[in-house]
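Please open the model in your viewer and keep the selection panel at hand. The stops below say what to select next and what is to be found there.

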Amino acid sequence: MDGLDSFRVRARATWSSGDWDSFARLIAPVGQLIIDRVGVRPGVRLLDVGTGSGGNVAIPAAGLGAEVVGLDITPELFTHARRRAAEAGVEVEWIEGDAQELPFADGSFDCVTSTFGAMFARDHGRTAAELVRVCRPGGRIAMTTWVNDGFVGEMFTLTGTFMPAPPGVQPPPLWGVEGHINDVFGAVDVTPSIERQIVDFDFESLDDAVGEYAENFGPFVSARETLEPRGEWDEFIAAFRDLVARFNSADDGTARIRSDYFVVVVER
Ligand SMILES: C[S@@+](CC[C@H](N)C(=O)[O-])C[C@H]1O[C@@H](n2cnc3c(N)ncnc32)[C@H](O)[C@@H]1O
């Protein structure tokens with residue numbers, strides 16, 4: 001297996017562990033914002049990259065009459081996606097694939113979206129180039145990335161300090177730096193607009209937040225498999241608890257974690 005294949009196997013194992021389908025509710029407002037930004041209308045051909053279980057962009061966009069393809073490296077999530085689409089009474093085509101090697105001809109889509117999906121591909125420049133390539137001239141690309149000094153950006157940096165990215169893999173928090181976003185899209189001759197936004201994650205308490213991540217968030221569930229045998233899991237989770245406390249704005253015993261993200265829009 002070459003480096004790229006083993007990266008893909010690891011990514012799939014990561015996101016199929018835990019329970020992304022239930023976690024996805026936390027970023028539902030972001031999905032709605034992206035649908036608004038690309039201007040979904042009946043008949044629009046839309047590709048949602050790193051679609052997960054589809055509930056945040058692919059399925060609502062299909063509900064508005066778009067012709068939607070949802071692509072993800074983790075086909076296990078399509079079981080949830082198919083159930084959700086059936087419940088919503090919409091058709092979506094679900095395709096297994098990697099954001100940095102999209103299995104579509106140039107200009108196949110009017111809109112290309114990705115809510116915190118494409119940012120996990122291994123090579124950021126290739127990924128940006130692929131998002132642009134499959135969008136038709138005059139179409140629109142809208143992706144979101146976690147700001148590197150916001151809650152999720154710092155969470156992935158923390159994970160990276162315990163488990164550094166293997167050689168050749170660009171760490172996801174780089175997508176949280178405006179200059180990097182400009183560079184990767186600039187390399188394919190497009191200029192992104194970058195807007196900072198906030199989403200709040202609500203939990204019953206700080207302990208509930210930490211427990212939910214430990215039990216249900218795929219990257220944590222797979223990190224535990226590595227860190228527990230090394231005796232580092234308790235230290236990791238204690239550092240994560242401090243991070244949650246630092247970003248928690250609630251003062252009534254619940255947890256409201258503020259997380260900053262970028263909305264990156266490219267007019268093709
Ligand atoms: C944080 S989840 C977001 C899912 C979805 N966009 C949503 O809003 O619920 C990240 C998703 O990206 C997918 N993913 C990770 N790396 C990928 C890659 N290289 N290509 C395509 N999908 C990828 C994961 O399988 C996972 O479904």
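**Helix pairs and enclosed spaces**

Begin by selecting α7 and α11, where α7 passes α11 in a right-handed crossing. Please keep in mind throughout that this is a predicted model. Helix α7 covers residues 151–162, while helix α11 covers residues 233–247, and the two pack at an angle of about 165 degrees with their axes 11 Å apart. An angle over 145 degrees counts as roughly antiparallel, and α7 and α11 are therefore roughly antiparallel to each other.

Now show the side chains on both helices of this pair. From α7, the residues to select are Phe 151, Glu 154, Met 155, Leu 158, Thr 159 and Phe 162, and these meet Glu 235, Phe 236, Ala 239, Phe 240, Leu 243, Val 244, Arg 246 and Phe 247 in α11. Coloured by class, this contact of α7 with α11 has ten nonpolar, one polar and three charged residues.

Keep α11 selected and add helix α9, residues 206–216, which packs with α11 at an angle of about 130 degrees, the axes being 10 Å apart. These two helices, α9 and α11, are therefore oblique to each other, and their crossing is right-handed. On the α9 side the contact is made by Leu 206, Asp 207, Ala 209, Val 210, Tyr 213 and Ala 214, and on the α11 side by Trp 233, Ile 237, Phe 240, Arg 241, Val 244 and Ala 245. The residues of this contact of α9 with α11 divide into ten nonpolar, no polar and two charged. Phe 240 and Val 244 of α11 deserve a second look, since they are listed in the contact with α9 and also in the contact with α7.

Next, move to helix α6 (residues 124–133) and helix α8 (residues 178–186), whose axes come within 8 Å and cross at roughly 60 degrees. That crossing angle makes α6 oblique to α8, and the crossing of this pair is right-handed. Select His 124, Gly 125, Ala 128, Leu 131 and Val 132 in α6, which meet His 180, Val 184 and Phe 185 in α8. By class, the contact of α6 with α8 has five nonpolar, three polar and no charged residues.

From the helix pairs, turn to the spaces. The largest pocket holds about 710 Å³ of space. Its lining is made by 26 residues, and the ones to select for its centre are Arg 10, Thr 14, Thr 159, Met 163 and Pro 166, which lie nearest to that point. The elements giving two or more residues to this lining are α1, α7 and α10 (218–227), and α1 gives the most, with six residues. Sorted by class, the lining of the largest pocket has 17 nonpolar, seven polar and two charged residues. Thr 159, one of the residues nearest the pocket's centre, is also among the α7 residues that meet α11.

Finish at the largest cavity, in which about 520 Å³ of space lies. There are 39 residues lining the cavity, and those closest to its centre are Trp 15, Gly 50, Phe 116, Gly 117 and Phe 120. To see which elements surround it, select α1 (3–16), α2 (20–23), β1 (45–49), β2 (67–72) and α7 (151–162), each of which supplies at least two residues of the lining. The lining of the largest cavity has 25 nonpolar, eleven polar and three charged residues.

Definitions and conventions
Residues are numbered from 1 along each chain as its sequence is written. This is a predicted model: local features need pLDDT of at least 70, side-chain atom pairs count only at pLDDT 80 or more; totals for chains, interfaces and linings use all residues. Side-chain values use heavy atoms; hydrogens and water are left out. Axes are lines fitted to C-alpha atoms, for helices over the stretch in contact, and angles run from 0 to 180 degrees between N-to-C directions. Helices (H or I, at least four residues) and strands (E, at least two) are DSSP runs, numbered from the N terminus. Angles under 35 degrees count as roughly parallel, over 145 as roughly antiparallel, 65 to 115 as roughly perpendicular and the rest as oblique. A crossing is left-handed if the near helix is turned anticlockwise from the far one by less than a right angle, and right-handed if clockwise. Contact means heavy atoms within 4.5 Å. Ala, Val, Leu, Ile, Met, Phe, Trp, Tyr, Cys and Pro count as nonpolar, Asp, Glu, Lys and Arg as charged, and the others, Gly among them, as polar. On a 1 Å grid over the protein atoms alone, a cavity is a set of points where a 1.4 Å probe fits but cannot get out, and a pocket is an open set with protein on both sides within 12 Å along at least five of seven lines; lining residues have an atom within 4 Å of a point. Grid points are joined across faces, edges and corners, and a volume is the space filled by probe spheres set on the points.
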